Amino acid sequence: RKQVESRYHENENSISIPVSRSWYTILNSTAFILTILFWIVYVYIIFGLPASILLSVSRGKAFTAGNIRDMKVIYWFLIITGLLKSVFPYLKEWFFSAYIKGNYIAIEGANSFISALPLLLSGAAVFLICKAFQKGYKLQQEEDFTV
């Protein structure tokens, strides 16, 4: 057995790292606030922006700069979220390496990439649709300025 500064709970399959009460309160509050903010942004980007694009298309204004901007926000959000989800186990292991001293390995690393794959593929699909809309916008601008 090797003495470490963390506690491993076999029943919960988790590691507890001792912190002071004030740090626990700060970390817990920060995590809660960031989680709420993330979900607000998530709902807006995943549901609000596509609804805005669909409304614009239904009004006959498909190829607009606003729609292209909204699609860029969507695909960047999906790609960044997918990348963060795939590297988070490794970042977590690196960040807490002083406490766990190499005794635990981020075994969920490969699984996190597999679970992030739908986000990455969705981001790539929205990117391709955005490129098509950019081409349509360019063609529409050329047609509008033709006398």
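What follows is a walk through a few helices, side chains and aromatic rings of this structure. Keep in mind that the model is predicted.

Let's start with helix 2, which covers residues 65-95. This helix isn't straight: at valine 87 there is a bend of about 45°. Look just past that point and you'll find a proline, proline 89, within four residues. Quite a few residues of helix 2 are buried, among them Asn67, Tyr75, Phe77 and Pro89.

Asparagine 67 is a good one to click on. This residue sits in helix 2, and with a relative accessible area of 3% asparagine 67 counts as buried, because the cut-off for that label is under 20%. A polar atom of its side chain lies 2.7 Å from the backbone oxygen of alanine 62. Leaving aside residues up to four places away in sequence, asparagine 67 touches Ile53, Ser56, Val57, Lys61 and Ala62. So alanine 62 turns up both as a touching residue and, within the 3.5 Å limit, as a polar contact through its backbone oxygen.

Now for the rings. Searching the whole structure turns up eight aromatic pairs. One of them joins phenylalanine 38 and tryptophan 39, with 5.9 Å from centre to centre and 75° between the planes, an edge-to-face arrangement. Both partners are partly exposed: phenylalanine 38 has a relative accessible area of 36%, and tryptophan 39 has 47%. Another pair is made by tyrosine 75 and tryptophan 76, whose ring centres are 5.7 Å apart; their planes are at 35°, so this pair is tilted. Here the partners fall into separate classes, since tyrosine 75 is buried at 8% relative accessible area, whereas tryptophan 76 is partly exposed at 49%. Rings also gather into a group: Phe38, Trp39, Tyr42 and Phe77 form one aromatic cluster. Phe77 is the member we already met among the buried residues of helix 2.

Tyrosine 75 also leads us on to helix 4, residues 109-144, where serine 122 is found. Along the sequence, serine 122 and tyrosine 75 are 47 residues apart, yet their C-alpha atoms are 7.6 Å apart in space. While tyrosine 75 is buried, serine 122 counts as partly exposed, because its relative accessibility is 34%. And what does the side chain of serine 122 reach at 2.7 Å? That would be the backbone oxygen of proline 118.

Technical notes. Residues are numbered from 1 along each chain as its sequence is written. This is a predicted model: local features need pLDDT of at least 70, side-chain atom pairs count only at pLDDT 80 or more; totals for chains, interfaces and linings use all residues. Side-chain values use heavy atoms; hydrogens and water are left out. Helices (H or I, at least four residues) and strands (E, at least two) are DSSP runs, numbered from the N terminus. Buried means under 20% relative accessible area, exposed over 50%, partly exposed in between (1.4 Å probe, protein chains only). A polar contact is a pair of N or O atoms within 3.5 Å; within protein, one must be able to donate a hydrogen and the other to accept it, and residues adjacent in sequence count only if both atoms are side-chain atoms. The bend at a residue is the angle between axes fitted to the seven residues ending there and the seven starting there. Rings of Phe, Tyr and Trp (its six-membered ring) pair if their centres lie within 6.5 Å; planes under 30 degrees apart count as stacked, over 60 as edge-to-face and the rest as tilted. Contact means heavy atoms within 4.5 Å.
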